Amino acid sequence: MAVPKFRISCCKCSRPIPLAQDIYALDREWQRRFPSMTGILACPRCALETAWSCEKPSGREYVDGHIPALGKPRMQDFDAWSHLRGKGAHNAMALMHPRSALLQAAEPYLRHVAQGKDVRSVIVVEVRAVLREWDAADAKPDRVSWLAAAA
Ligand SMILES: [Zn+2]
């Protein structure tokens, strides 16, 4: 069975991301700052050209509500780039972040993967579990709680 063609839609600007471009995964600080985002997978432009400082103008403390960048010491947690969680090709990022990918136009691809044997089985098991949960929800789960389960 042919792999379905798909392009992830940016969580922030909603545009379909060109296949030649990398997808960036955003962390919970991005979600806190941009609560209307649909998912956490962003286009390069939104990921790299959105700017903020994590610190108050004094530079001595974080802004209120700041969610620390995972696994980074304070020296490396000071702006929007500090809160990028990695980047990769569409299919790789869909498999790494299946919950978000479901919200971002990758559902046909994930359903294909769930049926197939061409991916490491631990990934297939994970994708199947997420799809079961998705299908079992009566209504589309609200974005915040759906994504929080992935954190
Ligand atoms: Zn974007």
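**Entry 1: Ala 105**

I began with Ala 105, which counts as buried because 21 other C-beta atoms lie within 10 Å, and the cut-off for buried is 20 or more. I noted that the model is a predicted one, and I keep that in mind for every value below. Looking along the chain, I found Ala 105 in the loop between helix H4 (98-103) and H5. Its backbone caught my attention too, since phi of Ala 105 is near 80°, a positive value in a residue other than glycine. I wrote beside this that most residues other than glycine have a negative phi.

**Entry 2: Ser 14**

I then looked up a second residue with a positive phi: Ser 14, which is not a glycine either, has phi near 70°. Ser 14 sits in the segment before strand E1 (23-26). Is Ser 14 exposed, partly exposed or buried? I counted 13 C-beta neighbours inside 10 Å, so Ser 14 is classed as partly exposed, given that a residue is exposed at 12 or fewer.

**Entry 3: the loop between H2 and E3**

Next I went to the loop between helix H2 (44-49) and strand E3 (84-88), where I found Ser 82. Ser 82 has 17 C-beta neighbours inside 10 Å and therefore counts as partly exposed. Which residues does Ser 82 touch, if those up to four places away in sequence are not counted? I listed Cys 54, Ala 69, Lys 72, Gln 76 and Asp 77 as its contacts. For Lys 72, which is 10 residues from Ser 82 along the chain, I also noted a C-alpha separation of 8.1 Å.

Gly 71 has its place in the loop between H2 and E3 as well. Gly 71 counts as exposed because it has 8 C-beta neighbours inside 10 Å. I took the distance from Gly 71 to Pro 16, which are 55 residues apart along the chain, and their C-alpha atoms are separated by 30 Å.

**Entry 4: helices H5 and H6**

I turned to helix H5 (residues 107-115) and helix H6 (residues 121-136), whose axes come within 9 Å and cross at roughly 125°. That angle makes H5 oblique to H6, because oblique covers what is left once 65 to 115 degrees is called roughly perpendicular and over 145 roughly antiparallel. The crossing of these two helices, H5 and H6, is left-handed.

Which residues of H5 and H6 meet? On the H5 side I found Leu 110, Arg 111, Val 113 and Ala 114, and on the H6 side Val 124, Val 127, Arg 128 and Leu 131. Sorted by class, the contact of H5 with H6 has 6 nonpolar and 2 charged residues, and no polar ones.

**Entry 5: the whole chain**

Last, I stepped back to the protein as a whole, in which I found 7 helices and 3 strands. Reading along the sequence, I wrote down the order β-α-β-α-β-α-α-α-α-α. How far does the C-alpha trace of the protein span along its principal axes? I noted about 55 × 35 × 25 Å. The radius of gyration is 16 Å, which agrees with the value near 15 Å for a compact globule with 151 residues.

Of the 151 residues, 29% count as buried. I also looked at the contacts with a separation of 6 or more, and residues 24 or more positions apart account for 64% of them.

Terms used:
Residues numbered from 1 in each chain as written. Predicted model: local features only at pLDDT ≥ 70, side-chain atom pairs only at ≥ 80, totals over all residues. Helix = DSSP H or I, 4+ residues; strand = E, 2+ residues; numbered from the N terminus. Rg over C-alpha atoms; globule rule 2.2 N^0.38 Å. Contact = placed C-beta atoms within 7 Å. Axes fitted to C-alpha atoms, helices over the stretch in contact; angles between N-to-C directions. Parallel < 35°, antiparallel > 145°, perpendicular 65-115°, else oblique. Left-handed = near helix turned anticlockwise from the far one by under 90°. Nonpolar A, V, L, I, M, F, W, Y, C, P; charged D, E, K, R; others polar.
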